[in-house]
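Student: Before we look at the model together, could you help me see how each term is justified? I would like every answer to set the value beside its definition.

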Amino acid sequence: MISTRQEQRANLFPASLAINKKRLLNDLNAISRIGLGEHGSMTRLVFSIKELRSRQLLIHLMTQAGLKVHVDRIGNIFGRLNGGGPKAPAVIAGSHLDSVLHGGKFDGPVGVVGALEAVRTLKENKVGLPCPIEVACFVGEESSRFGFSTLGSSLLAGQVRMEDLANAVDAHGTKLEDVLASMGIYRDTLASLKRDPATVKAYLELHIEQGPILEAKKKKIGIVTAIAAPTRLKVIFTGQADHSGTTPMEMRKDALVAAAQLIGYIEEICREYSKMEQGRVVGTVGAMKIEPGVINAIPGKVELSVDIRSIAAKAKDRVAAMVKRRAREIAKQRGIALEILPIRAEHPVPLDESLLPVIREICEEKNIPYEIMPSGAGHDAMQMAKIARAGMIFIPSKKGISHSPLEWTAPEDICLGAQVLLETIVKVAYEKN
Ligand code: HGY
Ligand code: MN
Ligand code: MN
């Protein structure tokens, strides 16, 4: 008698099947030793030697696990466990290994090693699967170096034109498009990086929450409904460098004071907007370049990076327009020049509604307190959602801190998240196509 898929899954997926916690945490610690800096901070900026080394280590771990490893032209890594027919679309689970400057050790790696441990567990228990499972590590998820985020997953989803990279430049003046050219990637080769959506059944990402909600509500798993998206700009005020001692106040064209006015406005307008019903908007100026940048010269030129985010697309666009308008007003009042360069403007991404009950059922079966919630941070899942059903599983961040050496998630929470990911992978794999 042919058993139902549930019975099939039950037979092939004994409830006793559990990830190897020690191995998972060992992998996370091994990766965390690459890019370790002062006060336990992590720096693995995209295409840096340390970031490349972390990807090299992952390839070794995947090979050791007996997975079929594929690295694409930009450096995205896929470790595949075959299953089902040759054309069966794969369930992919993954995240990223690159970090922000002086960040934490959990943002990204938790999702990569969690997925690796889930697939390794399936393989060593010889669980028959109706489709391939792939562990993915995407290149350049963080915008820290070039201002451009989710690079690898955007390319896989066919979301990048060369012109989109025009203003993606790092602090040393290195252009992202030049780095791609050095890898043999030009306008005409970008399309070759796109993955055929027919080869992907679903995408799942385990990630730290990077916010305070799960801890505050004493929940252990977050089931993500949607991902906030950024509008990122480069704002350049150009006044007049001059002597800080001899130039009278009324004759100055001080670019830094103009920048300070705009920074204050961004904070004020985002606080205001977040109180209104149109939806919470957050705005940050995280980086600034001042020229000449010395104590006895009036700043002649200041370049600001502006990051405005919201789940509510209209609210985000409205705030971005108000910030641009205010920048123009400030420049006019002060008689200084203004340039506003778009880096990227993305739409908030709803995640797949049909994956939510799958994750919720696992949490309820295992009595895990869970929270259904949006993500304020960006993730590779927002790009993968453009070519496949995408879902995200959050685990708590201590005090909600992230992008900081104080970023911390308890080992037992990481292991629980990986176990929920494992069981979600199997359930999704067994769903009818
Ligand atoms: O910046 C972000 O939202 C994410 O942490 N990459
Ligand atoms: Mn991050
Ligand atoms: Mn991340």
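Student: What makes the pair formed by a nitrogen atom of ligand 1 and the side chain of Glu 141 a polar contact?

Tutor: A polar contact is a pair of N or O atoms within 3.5 Å, and within protein one must be able to donate a hydrogen and the other to accept it, while residues adjacent in sequence count only if both atoms are side-chain atoms. Here the nitrogen atom of ligand 1 is 2.8 Å from an N or O atom in the side chain of Glu 141, so the pair meets the distance limit. An oxygen atom of ligand 1 is likewise 2.4 Å from an N or O atom in the side chain of Arg 309, and an oxygen atom of ligand 1 is 2.7 Å from a polar backbone atom of Gly 378. Taken alone, ligand 1 exposes 210 Å², of which the protein buries 95%; such areas come from the Shrake-Rupley method with a 1.4 Å probe, and for residues only the protein chains shown count as cover.

Student: What should I keep in mind about where these values come from?

Tutor: This is a predicted model, in which local features need pLDDT of at least 70, side-chain atom pairs count only at pLDDT 80 or more, and totals for chains, interfaces and linings use all residues. Residues are numbered from 1 along each chain as its sequence is written, chains are lettered from A and ligands numbered from 1 in the order in which they are written, and side-chain values use heavy atoms, with hydrogens and water left out.

Student: Which residues are the protein donors of the manganese ion (ligand 2), and what makes them donors?

Tutor: Donors are N, O and S atoms within 2.8 Å of the metal (3.2 Å for Na, K and Ca), and water is not among the atoms, so sites may look incomplete. Asp 107 (OD), Glu 142 (OE) and His 403 (NE2) lie 2.0 to 2.2 Å from the manganese ion (ligand 2), and they therefore fall within the limit. Asp 107 also coordinates the manganese ion (ligand 3), which is 3.6 Å from the manganese ion (ligand 2).

Student: Why is Asp 107 called buried, and what is His 403 called?

Tutor: Buried means under 20% relative accessible area, exposed over 50%, and partly exposed in between (1.4 Å probe, protein chains only). Asp 107 has 6%, so Asp 107 is buried, whereas His 403, at 40%, counts as partly exposed.

Student: How do you know whether Leu 67 is buried or exposed?

Tutor: The relative accessible area of Leu 67 is 7%, and therefore Leu 67 is buried.
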